[in-house]
Amino acid sequence: MVRTSVERVWSVSDDKNPDQIQYAQLHWDEDGQPLSSVFGDVYFSRANGLEETRHVFLQHNQLAQRWQALPETTQFTIAETGFGSGLNFLAAWELWLATAPTSAQLHFVSVEKFPLTKDDLVRSLALWPQLQSLSQQLIDSYPCMIGEGFHRLSFMDGRIKLTLIINDAARGFLQLLTTTDPLYSAYSPKVDAWFLDGFAPSKNPQMWSEDLFSCIHQLSKAGTTAATFSAAAIVKKGLKFAGFTLEKVAGFGRKREMLKASMADNNCDYFYPQPAYKSSSPFPSPWSINANPNIHAKKQAIIIGAGLAGCTSARALAERGWKIILLERNSAIASEASGNPQGVLYAKLSHKEEAQAEFNLASMQFAQAFYSSRWENIGEKSGVLQLAHCTSEQLLQTQLREKFSSANELVQFVSAPQASEIAGTPLDFDAIHFPNAGWINPTKLCVQLVQHPLIQVITATNALDIERDDGNWYINNNPALRAPVVIIANARDAQHFKQIRHLPIKSIRGQITYLPATTASKKIKTVICSEGYIAPAKDGIHCTGATFNLKEESAELRIEDHQTNLENLHEPLKDLVDEWENQDKNLLGGRVAFRCTLPDYLPAVGPVADEISMLNNFAPLRKNARAFIQDTGKYLPGLYLNIGHGSRGLAYTPLCAEILAAHINNEPFPIANELVNALNPARFLIRDLIKNKR
Ligand SMILES: Cc1cc2nc3c(=O)[nH]c(=O)nc-3n(C[C@H](O)[C@H](O)[C@H](O)COP(=O)(O)OP(=O)(O)OC[C@H]3O[C@@H](n4cnc5c(N)ncnc54)[C@H](O)[C@@H]3O)c2cc1C
Ligand SMILES: C[S@@+](CC[C@H](N)C(=O)[O-])C[C@H]1O[C@@H](n2cnc3c(N)ncnc32)[C@H](O)[C@@H]1O
């Protein structure tokens, strides 16, 4: 029965334990080479690991030849089982620099169940001084691991992208698929070359499972190649099962043989010749699949709105060779919500397993890496303290302890005296400390991001209307403003475009207050958050805020809102605040702007649904929330959205730009597919159907 295979694929998530991470247990031989104490196997050939990698994985996937022949701005995806010390990744990176066009991009996706600790990584990579300049970049960016999950690292202005997935190989690759339903594997991103590493099948048969080979099949296409050091029967059988043609060739050093493989044609019916469309499918209806053909050969896009969302999106696409027109209605970019002089880089951590928590963690980790080389020009990596100033915050911080206890580079749990020491001012509360966060001037950041030869900024231009004709979208019916791809990134004003009028966009007024630094407040060294926040003084002024007012449109500064901002600081910083309280509030400066948010507090990032067709197609959901509708989602070709960053634009927008670029460019996503779907703007239409509201 056709669906039997489906159920097997489905079963790989059964032993999920996402919070537990088991680091590799190593010992070192007399030559200083790492060995696994658990599997009793080597990480690479004792004779010469680097030469082995070059022989097995680089040469037998014909990478040098293939990369020399790559057209400009294209991409190439390698997927690997077992990241280990990253040696294969570094060797591929080195070869890429020597052979691929400078405008092309290498995606290296690797799934690792037992990651090395940073210390072990450093020790292993010290064996390869010839790779030092690359390995140091990997070491500097090696992520802080918090349970299972995706980590996207970007090197050399995005020329090299590493997606490190901490999970079992089969489960990790399953999360790359566009849906877990194999009937739709044609829509999943495709790998160009597989590095099937991993401990020998005799020592680690669990990894070389049928589930893994099923994922390999679904992620491959005609022309995909694979190479592996092993010629064991289980590997041969698996690769054949996945649709590859095999060839035995000489192994490295004393190894007699290894396998190279290629796929002539991936007929997606290979496993599932007779799709069995049943209403009782174990999978949700594939509403999230955007089945529009790839219409983006021209790589030209217009982005509406030059705040954090628009500028990060422009940069992400320009680094992929896209020519961008960035439209802004004001005379200067980043002058609305993204125009505050000091914004705080923070995210809401949670111990829960839900989309909100996962997205906040992923975006904070990505943002810290994104800003790591930029701090000097955009703000200050001052650290951020979140005080346990009330019962609910105390409870939350207690709950966070277990999950984040060894995530010191991300978050530290500090006592009140430690918090006072970090802040440079007395504090009565325990706190969590984000040592690698701080405050950012979003305008400076945006100005820096758009400095790219492929980005043209056009200010003082209000996009009033978007229409599609002849494969292009036209802004304001202006032939000079046309492109096959348009990205709507104009926050709450997006609701004026008829194509997305169905989205439940909310606008929230916020006011910040500028406080003149006093002798005592100048000592504040870090951002302090409680009910409100205060940043260290910059040019004699602290930014503090911010108020929240739903459905209020006034852009006037209000004395009572200054008062609210001061009150919110009162509890942790009473003595400091008393001094400001006594000043004439009419003299206080500040700024008003509007946040854009959605009811589930997640941004909307991805293709824009074709409202009418989507409602028609998925109408059976009104009667049966679990109805299986075999047709894919209906989306407007080339129209995308990136809005809804609420109060966390600084944390959210860098990752969202990367997600958007993956949608547009058909790349592997930097986050698990389930989370991609949780951000899909069409989710509101589907929810409305299920609740019978539409
Ligand atoms: C008071 C306040 C304090 C905040 N503090 C923080 C903080 O500390 N940390 C944090 O991370 N976040 C903070 N935020 C949230 C953060 O500012 C936002 O999440 C972020 O700026 C959103 O960026 P955006 O690009 O989506 O929107 P915006 O910055 O509003 O950008 C949208 C752009 O689109 C332009 N536009 C609109 N319509 C059109 C059109 N039709 N044609 C052309 N252009 C158009 C607008 O002029 C604007 O420049 C704060 C927000 C407020 C209001
Ligand atoms: C031979 S080492 C890989 C060496 C690595 N490619 C390198 O360049 O250093 C095998 C790796 O597979 C990992 N591994 C073992 N079982 C796994 C599984 N079920 N899923 C994913 N990775 C696994 C091990 O932790 C180890 O890092």
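Which atom of Lys113 lies 3.2 Å from a nitrogen atom of ligand 2? Keep that in mind as you open this predicted model and follow the stops below.

**Stop 1: ligand 2**

Select Lys113 together with ligand 2. The atom you want is a backbone N or O atom of Lys113, 3.2 Å from a ligand nitrogen. Now add Gly82: a polar atom of its backbone sits 2.8 Å from a nitrogen atom of ligand 2. With Glu80 it is the side chain that takes part, placing a polar atom 3.0 Å from a nitrogen atom of the ligand. Switch on a surface here, if you like: ligand 2 on its own would expose 600 Å², and the protein buries 98% of that.

Next, show the whole shell around ligand 2. Among its 22 residues, Gly82, Ser85, Glu112, Asp168 and Asp197 come nearest. Colour the shell by class and you should find nine nonpolar, eight polar and five charged residues. Two elements, α4 (87-99) and β4 (105-112), give two or more residues each to this shell.

**Stop 2: Ala92, in helix α4**

Stay with helix α4 and pick Ala92, which is found there. Is Ala92 buried or exposed? With a relative accessible area of 0%, Ala92 is buried. Display the residues that Ala92 touches beyond four places in sequence: Leu58, Trp67, Ile78, Leu106, Phe108 and Phe195. For Leu58, try a C-alpha to C-alpha distance: Ala92 and Leu58 are 34 residues apart in sequence but 6.9 Å apart in space.

**Stop 3: Asp29, in a loop**

Move to the loop between β1 (26-28) and β2 (34-36), where you will find Asp29. Asp29 is buried, with a relative accessible area of 11%. Which partners does its side chain have? One polar side-chain atom of Asp29 lies 2.8 Å from the backbone nitrogen of Gln33. The side chains of Asp29 and Arg46 are joined by a polar contact of 3.2 Å. Setting aside neighbours within four places in sequence, the contacts of Asp29 are Leu35 and Arg46.

**Stop 4: ligand 1**

Now centre the view on ligand 1. Its surroundings comprise 38 residues, of which Glu328, Ser338, Val344, Ala463 and Gly646 come nearest. For the polar detail, select three residues in turn:

- Asn330, whose side chain has a polar atom 3.0 Å from an oxygen atom of ligand 1.
- Glu336, with a polar side-chain atom 3.2 Å from an oxygen atom of the ligand.
- Leu650, which has a polar backbone atom 2.9 Å from an oxygen atom of ligand 1.

Taken alone, ligand 1 exposes 1,000 Å², and the protein buries 97% of that. By class, its shell holds 17 nonpolar, 15 polar and six charged residues. To see where they come from, highlight α10 (308-318), β13 (343-344), β24 (506-516), β29 (589-597) and α19 (649-665), each of which supplies at least two residues of the shell.

**Stop 5: the two sides of helix α14**

Finish at helix α14, residues 416-423, and select its buried residues: Ala416, Ala419, Ser420 and Ala423. Look down the axis of α14: these buried residues fall within an arc of 100 degrees, so they line one face of the helix. The spacing helps here, because an α-helix has 3.6 residues a turn and residues three or four places apart point the same way. On the face turned away from the buried side, look for the exposed residues Pro417 and Glu421.

What do the buried residues of α14 pack against? Show β15 (384-387), β16 (412-414), β17 (431-434) and β25 (527-529) to see their packing partners. As a last click, select Gly424 just after α14, which takes a positive phi of about 80 degrees.

Methods: Residues are numbered from 1 along each chain as its sequence is written. Chains are lettered from A and ligands numbered from 1 in the order in which they are written. This is a predicted model: local features need pLDDT of at least 70, side-chain atom pairs count only at pLDDT 80 or more; totals for chains, interfaces and linings use all residues. Side-chain values use heavy atoms; hydrogens and water are left out. A residue is near a molecule or strand if one of its heavy atoms lies within 4 Å of it. A polar contact is a pair of N or O atoms within 3.5 Å; within protein, one must be able to donate a hydrogen and the other to accept it, and residues adjacent in sequence count only if both atoms are side-chain atoms. Accessible areas come from the Shrake-Rupley method with a 1.4 Å probe; for residues, only the protein chains shown count as cover. Helices (H or I, at least four residues) and strands (E, at least two) are DSSP runs, numbered from the N terminus. Ala, Val, Leu, Ile, Met, Phe, Trp, Tyr, Cys and Pro count as nonpolar, Asp, Glu, Lys and Arg as charged, and the others, Gly among them, as polar. Buried means under 20% relative accessible area, exposed over 50%, partly exposed in between (1.4 Å probe, protein chains only). The arc is that of the directions from the helix axis to the C-beta atoms. Contact means heavy atoms within 4.5 Å.
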